[in-house]
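Please examine the sequence and the structure displayed below before reading on.

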Amino acid sequence: MTEPSAPPAPAQPPPTDGLISAGRRNLRALGHAVTHPSHAPTPLFADAPKRWQRVLPYAAVLVLVATFLPVTINVLTTGYDMAGGLAGAVAAAQTVPLLMIAHRPLQAWWIILPADVVGGLFLLNGQGPDDIWPWTSPAIVAYLFLMLALALRETRQTLIGVWIVTGAACLVLGQLFPEESDGTNVLLIVLSAVVLVIGGALRERGEAQRRLVEQETISEAERSRRTLLEERTRIARELHDVVAHHMSVITVQADSAPYRVGGLSPEAREEFASIAASARESLTEMRRLLSVLRSEDATGERAPQPGLDRLQQLVEATVRAGVPAELSLTASLAVPGQLPQSVDLSAYRIVQEALANVVRHAPGARTRVSVSSDGTDLTVLVVNGPPFGPSSTVEASGAGGHGLVGMRERVRLTGGTLDTGPLPDGGFRVAARLPLGTKDPASP
């Protein structure tokens, strides 16, 4: 018994079919490219910041038409003995569409190329022995300006299609009338290719630069956002210690209340025990939150947070760094516990950031630090004079955050205001007002 034969393998198409199919696809793509503009009908330099830059393309095309129209008419009438009316019509068809190259160069090419071909046919009857054919000199120069406008606006595929059609028109005229042709058809093919390559390279270079600027703008925005988020995270880590202290006090007070206060009912004892349990649970959750917020290299931040009682040490360290700084601080403010902890920490960090900026950007500048309170608000003022030396090119990391970004975030946290800016003498001023009450930071 014979085994059933395997089904025959499907016939493979010959390789030439694939090449023909790919060629057809490419031709369709080129045909679509030369019949559909790749850009909106907006002029060159439409996004330029100055008005004269936006008007420049229109002025340029007006100059081109005003130049080529009379020159073309004169060449046709005197060099080729063409009648005045016909010469005006041919010259208008070849030059007036140049008005479109500022915003619709491909549409202008649809008009000018056929006009040049028809004009070349009209030139056959009046061509002299010294006249060039099929293109006149003004037609060649005007066509090159058209090619430049196309190269600056259209895609590479469109430019290839335009050049192929141009070359085909030139070669067909040369083959149909070989006796009249003197090589200007081939010259136009070469010159148009050169102009298209140069213009296309300029356009692609400009697009690359524009994309680079856009990417740099996006990167700068992302960098600013990342800086802001990092500073907020750092402030949140610092405030954890402040809140944890208050929660610890609540826990201790709730646990010790039954022993400190006599005669408590069982319900009151149970309520205090519930408060202590809730406080301990809150502390546990806060430790978990801190482990999420704290980065791997942030172990040093577990030290107690500083306050105004350490301002004197901060100013002395700044003086040792070469900045003559003076401190004006009310004695009562230097006593720990006199201010809300968030305000105390924020004021210290603002002064720290301001002095760090002076060291980096205004070395040797005389600096005055003033911290005062009217009972309602705490006012922090850091003013430095003009620098006496070159600014440091290396940003010192220090213990601060991100300069003005950190200051603004800390002031926003406490519901205060911040005023910063240069002074007429070349110095800089940082003024912060921090409310001592319980104002909501989100309120105006």
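This report describes strands, nonpolar cores and selected residues of the structure. The model is a predicted one.

## Strands

Two strand pairings are described here, and β2 takes part in both. They are listed in the table.

| Strand pair | Sense | Bridges |
|---|---|---|
| β1 (residues 325–329) and β2 (residues 367–373) | parallel | five bridges |
| β2 and β3 (residues 377–384) | antiparallel | seven bridges |

Within the parallel pair, L327 has V369 of β2 as its bridge partner. To pass from β1 to β2, the chain runs through helix α10, residues 341–361, and the resulting β-α-β crossover is left-handed. In the antiparallel pair, R368 lies opposite V383 of β3. The hairpin formed by β2 and β3 has three residues between its strands, and G375 adopts a positive phi near 95 degrees there. As a general point, side chains in a regular strand alternate between the two faces of the sheet.

## Nonpolar cores

The largest nonpolar core contains 40 residues, and L98, W109, L146 and M147 have the most contacts inside it. Which elements give two or more residues to this core? They are α2 (51–79), α3 (84–95), α4 (105–122), α5 (137–153), α6 (156–176) and α7 (184–260). Helix α5 provides the largest share, namely nine residues. A second core, separate from this one, has 25 residues, including L308, L311, I350 and V430.

## Helix α4 and W109

Helix α4 consists of 18 residues, and the distance from its first C-alpha to its last is 25 Å, close to the 26 Å expected at 1.5 Å a residue. Its buried residues include P105, L106, A108, W109, I112 and L113. Q107 and D116 of this helix are buried as well. In general, residues three or four places apart in an α-helix point the same way, because there are 3.6 residues a turn.

What does W109 contact, leaving aside its neighbours within four places in sequence? The residues in contact with W109 are V34, P114, Y143, L146, M147, L150, V162, V165 and T166. Of these, L146 and M147 are also listed, with W109, among the residues with the most contacts inside the largest core.

## Residue R203

R203 is located in helix α7. Is R203 buried or exposed? Its relative accessible area is 10%, which is under the 20% limit, so R203 counts as buried. When residues up to four places away in sequence are not counted, R203 touches A151, L152, R153, E154, T155 and R156.

Methods
Residues are numbered from 1 along each chain as its sequence is written. This is a predicted model: local features need pLDDT of at least 70, side-chain atom pairs count only at pLDDT 80 or more; totals for chains, interfaces and linings use all residues. Side-chain values use heavy atoms; hydrogens and water are left out. Two strands pair if DSSP finds at least two bridges between them. Helices (H or I, at least four residues) and strands (E, at least two) are DSSP runs, numbered from the N terminus. A crossover is right-handed if, with the strands pointing away from the viewer, the path from the first strand over the helix to the second runs clockwise. A nonpolar core is a set of buried Ala, Val, Leu, Ile, Met, Phe, Trp, Tyr and Cys residues joined through side-chain atoms within 4.5 Å. Buried means under 20% relative accessible area, exposed over 50%, partly exposed in between (1.4 Å probe, protein chains only). Contact means heavy atoms within 4.5 Å. The expected span of a helix is 1.5 Å times one less than its number of residues.
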